[in-house]
Amino acid sequence: MTMRKGRTTILIASRVSTVMKMDKIIVLDEGRLAAYGNHDELMKTSPLYERMVYLQELEKEVKGGDSNG
């Protein structure tokens with residue numbers, strides 16, 4: 001988005017699909033920093049993030065489409 005170009009934007013989300021294209025993602029677990037990086041890095045280094053992605057994709061398949069509503 002050109003509105004955010006050159007600016008720092010902080011986005012708080014529980015859905016991985018909302019943040020997966022962000023430059024940097026901070027993963028919190030019970031209020032503590034669990035992991036930090038972009039989507040590809042986190043998929044390789046964070047079992048917690050990888051599990052969240054897996055469970056949200058599974059949920060999407062079970063519901064048969066978009067699970068945001």
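**A loop, a core and a pocket**

In this predicted model, residue E30 sits in the loop that links strand 1 to strand 2 (32–37). The backbone of E30 has a positive phi of about 55 degrees, even though E30 is not a glycine. Is E30 buried or exposed? With a relative accessible area of 77%, E30 is exposed, because the cut-off for that class is over 50%.

It helps to step back and look at the chain as a whole. Three helices and two strands make up its secondary structure. Read from the N terminus, these elements follow the order α-β-β-α-α. The chain has 69 residues, and 19% of them are buried. The area that the chain exposes is about 6000 Å², with 52% of it supplied by carbon and sulfur atoms. Among contacts in the chain with a separation of 6 or more, 21% join residues 24 or more positions apart.

The interior comes next. In soluble globular proteins, nonpolar side chains tend to be buried together. Which residues form the largest nonpolar core here? There are eight of them: V16, V19, I25, V27, A35, L42, Y49 and V53. At least two residues of this core come from each of helix 1, strand 1 and helix 3.

Two members of the core are worth a visit. V27 belongs to strand 1. Its relative accessibility is 3%, so V27 counts as buried, the limit being under 20%. Setting aside neighbours within four places in sequence, V27 is in contact with R32, L33, A34, A35, L42, L48 and Y49. From V27 to S14 the distance in space is 9.8 Å, C-alpha to C-alpha, and the two are 13 residues apart in sequence. L42, the other member chosen here, touches I25, V27, A35, Y36, G37 and Y49 when residues up to four places away in sequence are not counted.

Finally, there is open space to explore. Rolling a probe the size of a water molecule over the atoms shows where empty space is left. How much space lies in the largest pocket? The answer is about 800 Å³. This pocket is lined by 25 residues, and those closest to its centre are L11, V19, M22, K24 and I25. Helix 1 (16–19), strand 1 (25–29) and helix 3 (47–63) are the elements that give two or more residues to the lining. Strand 1 provides the largest share, with four residues. Sorted by class, the lining of the largest pocket contains 15 nonpolar, three polar and seven charged residues. Two of the names by the pocket centre are familiar: V19 and I25 are among the residues closest to that centre, and V19 and I25 also belong to the largest nonpolar core.

Key: Residues are numbered from 1 along each chain as its sequence is written. This is a predicted model: local features need pLDDT of at least 70, side-chain atom pairs count only at pLDDT 80 or more; totals for chains, interfaces and linings use all residues. Side-chain values use heavy atoms; hydrogens and water are left out. On a 1 Å grid over the protein atoms alone, a cavity is a set of points where a 1.4 Å probe fits but cannot get out, and a pocket is an open set with protein on both sides within 12 Å along at least five of seven lines; lining residues have an atom within 4 Å of a point. Grid points are joined across faces, edges and corners, and a volume is the space filled by probe spheres set on the points. Ala, Val, Leu, Ile, Met, Phe, Trp, Tyr, Cys and Pro count as nonpolar, Asp, Glu, Lys and Arg as charged, and the others, Gly among them, as polar. Buried means under 20% relative accessible area, exposed over 50%, partly exposed in between (1.4 Å probe, protein chains only). Contact means heavy atoms within 4.5 Å. Accessible areas come from the Shrake-Rupley method with a 1.4 Å probe; for residues, only the protein chains shown count as cover. A nonpolar core is a set of buried Ala, Val, Leu, Ile, Met, Phe, Trp, Tyr and Cys residues joined through side-chain atoms within 4.5 Å.
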